[in-house]
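Colleague: Hi, could you pull up the model so we can walk through some side-chain contacts together?

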Amino acid sequence: MPDTTAPTEKKNIVNGEPLLTLVVADSTPSPSNKGKTRRLSINHLVRQAGVSQAMRRRLRTDGIVYVNQKAASWHSLVVPGDKVTIYLPKEEPTFIPWAYDIPIIYEDEHLLIINKPTGLLMHPTSTERFHTVANALIHYFEKTNQTQAAFHPVHRLDKDTSGLVIIAKNALVQHSFTKTHAPIRKIYEALCDGFFPANFATIHWPIARKEESIIERTVSLDGKAAHTDITCVARHKRLSHVRFVLHTGRTHQIRVHMSHLGFPLVGDDLYGGSLDLLEKQALHAIGLQFVHPMTHTFMNVTAPLPTAWEPLISQYLEHNKISF
């Protein structure tokens with residue numbers, strides 16, 4: 001008989017939605033086992049589901065396992081038709097909730113995609129402990145009674161970059177993104193100083209940390225490979241509207257490449273951008289394309305441009321769009 005015992009203290013702390021639910025698939029008995037139904041271990045079943053080794057280790061240590069709604073253990077054996085449900089103890093918030101409404105572009109039981117405002121940090125630092133995306137989402141999860149949800153960013157944006165960010169609601173979903181074969185395609189748009197002359201450009205310039213600076217980056221032969229594709233959307237002698245597809249994710253990649261080209265981003269004074277049109281950096285993550293790691297559906301998500309750009313686009317670029 002399968003082991004259906006589990007520590008009492010673990011059983012008593014189960015609440016909310018399960019982290020993982022699996023149904024053991026039917027299998028045809030092989031001649032070698034003389035028609036007997038093959039039994040699988042929980043570990044083997046979870047591994048077949050594509051869960052990473054690191055996450056399986058965590059589930060084995062902290063997970064609460066049920067088979068057919070009865071308490072079980074990681075060493076229990078299951079047969080075709082069994083329903084296996086695994087919980088993790090609820091993650092206690094490590095961030096203080098902040099009542100701030102961040103625009104949510106998409107949400108399901110596994111993840112949400114936000115439209116991060118410019119000027120907002122992703123998570124607390126030594127100088128800003130309360131007013132960050134993490135604090136705001138912890139408040140949102142509490143307000144919407146999502147008792148099992150926690151803050152697990154799949155990727156990040158700089159403080160002064162606005163736009164789309166994927167936030168997983170638990171560690172399993174976050175880990176699952178690393179297992180997908182198709183990467184996340186990230187599309188950005190920006191306003192840069194000057195008349196950008198090319199309709200298309202592809203940049204392959206390595207990027208390294210600038211000497212004697214902990215923040216600034218620079219193009220350097222000693223740096224890590226960085227690949228940026230650029231499309232000009234509209235241009236004027238004062239500023240241009242450009243779109244980027246990133247093939248690598250180096251720190252400040254777009255800002256460094258554009259500055260090195262001689263077209264720094266509007267509002268980006270760290271890399272030579274002007275501040276007379278906008279005081280905030282004009283860089284926005286406008287699009288994400290990826291395969292959802294849990295539902296395996298293709299996701300194509302977009303966000304509107306910042307309203308602060310509208311007067312500049314109307315004044316300089318509305319009649320100077322590029323036709324393709």
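Modeller: Sure, and a definition to start with: buried means under 20% relative accessible area, exposed means over 50%, and partly exposed is in between, with a 1.4 Å probe and protein chains only. This is a predicted model, so local features need pLDDT of at least 70 and side-chain atom pairs count only at pLDDT 80 or more, while totals for chains, interfaces and linings use all residues. Residues are numbered from 1 along each chain as its sequence is written, and side-chain values use heavy atoms, with hydrogens and water left out.

Colleague: Thanks! How many salt bridges are in the whole structure?

Modeller: The search finds nine. A salt bridge here is a side-chain nitrogen of Lys or Arg within 4 Å of a carboxyl oxygen of Asp or Glu.

Colleague: Which residue does K169 meet in a salt bridge?

Modeller: K169 meets E107, at 2.8 Å from N to O. K169 is in the loop between β10 (162-168) and α5 (171-177) and E107 is in strand β7 (residues 104-107), so the pair ties together parts 62 residues apart in sequence. Helices (H or I, at least four residues) and strands (E, at least two) are DSSP runs, numbered from the N terminus.

Colleague: And is K169 buried or exposed?

Modeller: K169 counts as buried because its relative accessibility is 4%. E107 has a relative accessible area of 30%, so E107 is partly exposed.

Colleague: What about R243, which residue is its salt-bridge partner?

Modeller: That's E189, with 2.8 Å from N to O. The two sit in distant parts of the chain, R243 in strand β16 (residues 239-246) and E189 in strand β11 (residues 185-193), 54 residues apart. R243 is partly exposed at 31% relative accessible area, whereas E189 is buried at 5%.

Colleague: Where does R238 fit in, and which residue does its side chain meet?

Modeller: R238 forms a salt bridge with D193, at 3.4 Å from N to O. Distant parts of the chain are linked here too: R238 is in the loop between β15 (227-235) and β16, and D193 is in strand β11, 45 residues away. R238 is partly exposed with 23% relative accessible area, and D193 is buried with 11%.

Colleague: Which residues are linked with R255 in a network of salt bridges?

Modeller: D158 and D268 are linked with R255 in that network.

Colleague: Switching to rings, how many aromatic pairs are there?

Modeller: The count comes to five. Rings of Phe, Tyr and Trp (its six-membered ring) pair if their centres lie within 6.5 Å; planes under 30 degrees apart count as stacked, over 60 as edge-to-face and the rest as tilted.

Colleague: Okay, what do Y140 and F141 look like as a pair?

Modeller: They are tilted, with 6.0 Å centre to centre and 55° between the planes. Y140 is buried at 18% relative accessible area, and F141 is buried at 3%.

Colleague: And how are F196 and F263 arranged?

Modeller: F196 and F263 are edge-to-face, 5.1 Å centre to centre with 65° between the planes. F196 is in the loop between β11 and β12 (200-204) and F263 is in the loop between α6 and β17, so the pair ties together parts 67 residues apart in sequence. F196 counts as buried at 3% relative accessibility, and F263 counts as buried at 16%.
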